[in-house]
Amino acid sequence: VNQTLIFHHFENKQKLWERVKSNLIAKIQAPPLSAEPATLKQFVKEAIEQRLAIYANCPELRKLVGWQKLESAKTKHQIADIPSHALSPSQWLKPLQHLQQIKQLKSNQDLTFIILWLVASVDVLIDDDLG
């Protein structure tokens with residue numbers, strides 16, 4: 001398939017990537033996160049279990065995320081997430097804000113850092129070929 005035909009159906013590479021990833025993610029069954037976790041430990045446990053379930057239920061996603069990492073270096077992370085999807089790490093923001101409200105996290109804690117740390121931690125587990 002030539003590039004002209006691809007861009008006829010998808011405006012650009014990012015739109016194509018989003019469609020492919022959305023189609024993969026649509027078939028995934030993963031445990032939901034609590035909207036109002038009681039503790040930071042509960043949130044971290046649920047987030048890790050959800051990410052591991054996503055990769056267990058959709059091993060193809062590992063390859064796509066690997067490709068995403070290569071592309072992200074070129075595009076400054078423009079294609080790193082599909083924020084509207086229920087399984088997106090962007091959806092972790094509200095439970096983390098709740099944890100700030102109930103004083104499980106400091107009010108000035110950078111929640112984006114926590115999200116990035118958790119995603120990176122799970123990615124290391126998934127990408128570790130040592131078993």
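# A walk through a six-helix chain

Of the 131 residues in the protein chain, 34% count as buried (under 20% relative accessible area; exposed is over 50%, partly exposed in between, with a 1.4 Å probe and protein chains only). Keep in mind that this is a predicted model, where local features need pLDDT of at least 70, side-chain atom pairs count only at pLDDT 80 or more, and totals for chains, interfaces and linings use all residues. Residues are numbered from 1 along each chain as its sequence is written, and side-chain values use heavy atoms, with hydrogens and water left out.

**Whole chain.** Switch to cartoon and colour by secondary structure. You should find six helices and zero strands, in the order α-α-α-α-α-α along the sequence. Helices here are DSSP runs (H or I, at least four residues; strands would be E, at least two), numbered from the N terminus. Of the contacts in the chain with a separation of 6 or more, 64% are between residues 24 or more positions apart; contact means heavy atoms within 4.5 Å.

**Stop 1: the N-terminal end.** Select helix 1, residues 3-9, and pick out phenylalanine 7. This side chain is partly exposed, with a relative accessible area of 35%. Leaving aside neighbours within four places in sequence, phenylalanine 7 is in contact with Asn12 and Lys13. Now hop to leucine 16 in helix 2, residues 13-26. Leucine 16 is partly exposed too, at 27% relative accessible area, and it touches Ile6 and Phe10, again not counting residues up to four places away. Draw a distance from its C-alpha to that of isoleucine 6: 8.1 Å, for two residues 10 apart along the chain.

**Stop 2: helix 3 against helix 6.** Show helix 3 (residues 40-57) together with helix 6 (111-127). Two packed helices are described by the angle between their axes and the distance between the axes. For this pair the angle is about 45° and the axes are 10 Å apart; axes are lines fitted to C-alpha atoms, for helices over the stretch in contact, and angles run from 0 to 180 degrees between N-to-C directions. Helix 3 and helix 6 are therefore oblique to each other (under 35 degrees is roughly parallel, over 145 roughly antiparallel, 65 to 115 roughly perpendicular, the rest oblique). Helix 3 passes helix 6 in a right-handed crossing, meaning the near helix is turned clockwise from the far one by less than a right angle. For the interface, put sticks on Phe43, Val44, Ala47, Ile48, Arg51, Leu52 and Tyr55 from helix 3, and on Leu118, Val119, Val122, Asp123 and Ile126 from helix 6.

**Stop 3: charges on helix 3.** Which side chain of opposite charge is nearest to arginine 51? It is aspartate 123, 4.7 Å away, and the buried arginine 51 has no salt bridge. (A salt bridge is a side-chain nitrogen of Lys or Arg within 4 Å of a carboxyl oxygen of Asp or Glu; Lys and Arg count as positive and Asp and Glu as negative, while His and the chain ends are not counted.) Beyond four places in sequence, arginine 51 touches Leu87, Pro89, Trp92, Val119 and Val122.

Glutamate 46, also placed in helix 3, is buried without a salt bridge as well, with lysine 45 as the nearest opposite charge at 7.4 Å. Its contacts past four places in sequence are Leu33 and Ser34.

**Stop 4: the salt bridges.** How many salt bridges does the structure hold? There are two. One joins glutamate 60 and lysine 27, at 3.8 Å from N to O. That pair links distant parts of the chain, with glutamate 60 in helix 4 (residues 60-75) and lysine 27 in the loop between helix 2 and helix 3, 33 residues apart. Glutamate 60 is partly exposed at 38%, while lysine 27 is exposed at 52%.

For the other, select lysine 45 and glutamate 49, whose closest N and O atoms are 2.8 Å apart. Being four residues apart in helix 3, they are separated by about one helical turn. Lysine 45 counts as exposed at 51%; glutamate 49 is partly exposed at 37%.

**Last stop: helix 5 and its exit.** Select residues 93-101, helix 5, and look for the buried Pro95, Leu96, His98, Leu99 and Gln100. The buried residues of this helix pack against helix 3 and helix 6. Then step to lysine 103, in the loop between helix 5 and helix 6. Most residues other than glycine have a negative phi. Lysine 103 has a positive one, near 65°, and is exposed, with a relative accessible area of 71%.
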